[in-house]
Amino acid sequence: MEAIVCEGLTKKQKQLTTLKEVSFSIPENTIVGVVGRNGAGKTTLLKILAGLWRASAGNVHVLGENPFNSLYVSTNTIYISNEMVLPNSLSLSVLLTEAGRFYPRWNDDLARRLVEYFGFRGNDLYTQLSTGKRNTFNAIIGLSSRCPITIFDEPTTGMDQAVRNDFYRALLKDYLQVPRTILLSSHHLEEVEELLEAVLLLDRGKKQLYLPMDDVKHEAVGLTGRTEMVYTYTQAKTVFYRESIGMDTTYTVIKANQVDMEKAKQLGIQVTPVSASDFCVYLTRAGKGAIDDVFQ
Ligand SMILES: Nc1ncnc2c1ncn2[C@@H]1O[C@H](COP(=O)(O)OP(=O)(O)OP(=O)(O)O)[C@@H](O)[C@H]1O
């Protein structure tokens, strides 16, 4: 069954169209990464799915309902972001108790064990936590809620590397125990790719790609060789990205299934894999050349 379905989802904010006819569906009990450059529309999309914002056009169904103003969706969905505002006067321990009263599948034992593991004290106040600690606490709430739709919007902002690793590991372990639909937005695809079953890449409000993770990893290859050779070889092929390296060498990223390895070898062209993360970066370059051009 599909947990989330979007058809032609469009969002207008002031003069801007920040989501443009985005369509996709996510089966229940899957972990999907939502990636894209700054301003691509990730937060906008996630807030609409969480029922916090209303779509301007198109259809959105979360657990079979339009999420906006739906009590059913809001009790079965949690949206975790670094914009979360929790009451100043309540201790962390009381905040966990209150979260447990709201979310039907809340696991208090998990919450308390994570709080202890990450070095919180129950009587600390939320507003006195550092940014990384606050986001760690938010992430604990997100995990422990065990909501059927769990949305993490850049959850690791400010966390140090060890905490990020622990968080992703905890997420995977708990997901394996209690499968649910998890959306995770991140600027660091390389950090989360082992967790993800699919990737949704947004680019300036449009869906640029939505593929199973394994396909994203194998979608493109890089060709390095003499400029003329590479240009001739890649004619009529799907080129995602090109870059000059040195005087007469070019690096070109093309669709992997269009490469004949034998032919490339004969032409002296070296074929190398392209990581999922690099592939997404190549797909969403602004088309204004490279940063080096600024210094010329
Ligand atoms: N409240 C708002 N009013 C008007 N425009 C907004 C509002 N919130 C976001 N936008 C615009 O919508 C676009 C998408 O923003 P959004 O925050 O969804 O992107 P994002 O992919 O999450 O970016 P980032 O990676 O920087 O967090 C941006 O152009 C942003 O300026």
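Two strands are taken as paired if DSSP finds at least two bridges between them. In this predicted model, strand β6 (residues 149–153) and strand β7 (residues 181–185) are joined by 5 bridges and run parallel. Within that pair, F152 has L184 of β7 as its bridge partner.

The β6 and β7 strands belong to an open sheet of 6 strands, for which the order is β5-β6-β7-β3-β8-β9 and the pairing is mixed. The edges of this sheet are occupied by β5 (77–80) and β9 (206–212), and because each has a single partner strand, one side of each is left without a neighbour in the sheet. Averaged over the sheet and with direction ignored, neighbouring strands are turned by 15° against each other.

Towards the N terminus, strand β1 (residues 2–13) takes part in two antiparallel pairings. In one of them, 8 bridges connect β1 to strand β2 (residues 16–27), the two strands running antiparallel, and E2 finds its bridge partner in P27 of β2. The hairpin formed by β1 and β2 has 2 residues between the strands, and K14 in this hairpin adopts a positive phi near 50°. In the other pairing, β1 is joined by 5 bridges to strand β4 (residues 57–62), again with an antiparallel run, and I4 stands opposite V62 of β4.

The hairpin residue K14 is also among the residues that surround the ligand, a shell that comprises Q13, K14, L16, T18, G36, N38, G39, A40, G41, K42, T43 and T44. At least two residues of this shell are supplied by each of β2 and α1 (42–49), and the largest share, 3 residues, comes from α1. When the shell is divided by class, 8 of its residues are polar, 2 are nonpolar and 2 are charged.

Two helix pairs that share α4 were also examined. Helix α4 (residues 108–117) packs against helix α5 (residues 131–145) at an angle of about 155°, their axes lying 9 Å apart. Since angles over 145 degrees count as roughly antiparallel, α4 is therefore roughly antiparallel to α5, and the crossing of these two helices is right-handed. Helix α3 (residues 92–102) packs against α4 at an angle of about 155° as well, with the axes 10 Å apart. That angle makes α3 roughly antiparallel to α4, and α3 passes α4 in a crossing that is right-handed.

A further open sheet is made of 4 strands in the order β11-β12-β10-β13, with antiparallel pairing. Here β11 (239–245) and β13 (270–273) stand at the edges, and each has a single partner strand, so that one side of each lacks a neighbour in the sheet. Neighbouring strands of this sheet are turned against each other by 20° on average, direction ignored. Inside the strand order, strand β10 (residues 220–226) and strand β12 (residues 249–255) run antiparallel and are joined by 7 bridges, with T249 of β12 serving as the bridge partner of R226.

With regard to annotation, the unreviewed UniProt entry assigns "domain: ABC transporter" to residues 4–229. In the model, the end C-alpha atoms of this span lie 46 Å apart, and the span is 35% helix and 30% strand.

Technical notes
Residues are numbered from 1 along each chain as its sequence is written. This is a predicted model: local features need pLDDT of at least 70, side-chain atom pairs count only at pLDDT 80 or more; totals for chains, interfaces and linings use all residues. UniProt positions are given in the numbering used here, feature names are shortened, and annotations may be inferred rather than shown by experiment. A residue is near a molecule or strand if its C-beta atom, placed from the backbone, lies within 6 Å of it. Ala, Val, Leu, Ile, Met, Phe, Trp, Tyr, Cys and Pro count as nonpolar, Asp, Glu, Lys and Arg as charged, and the others, Gly among them, as polar. Axes are lines fitted to C-alpha atoms, for helices over the stretch in contact, and angles run from 0 to 180 degrees between N-to-C directions. Angles under 35 degrees count as roughly parallel, over 145 as roughly antiparallel, 65 to 115 as roughly perpendicular and the rest as oblique. A crossing is left-handed if the near helix is turned anticlockwise from the far one by less than a right angle, and right-handed if clockwise.
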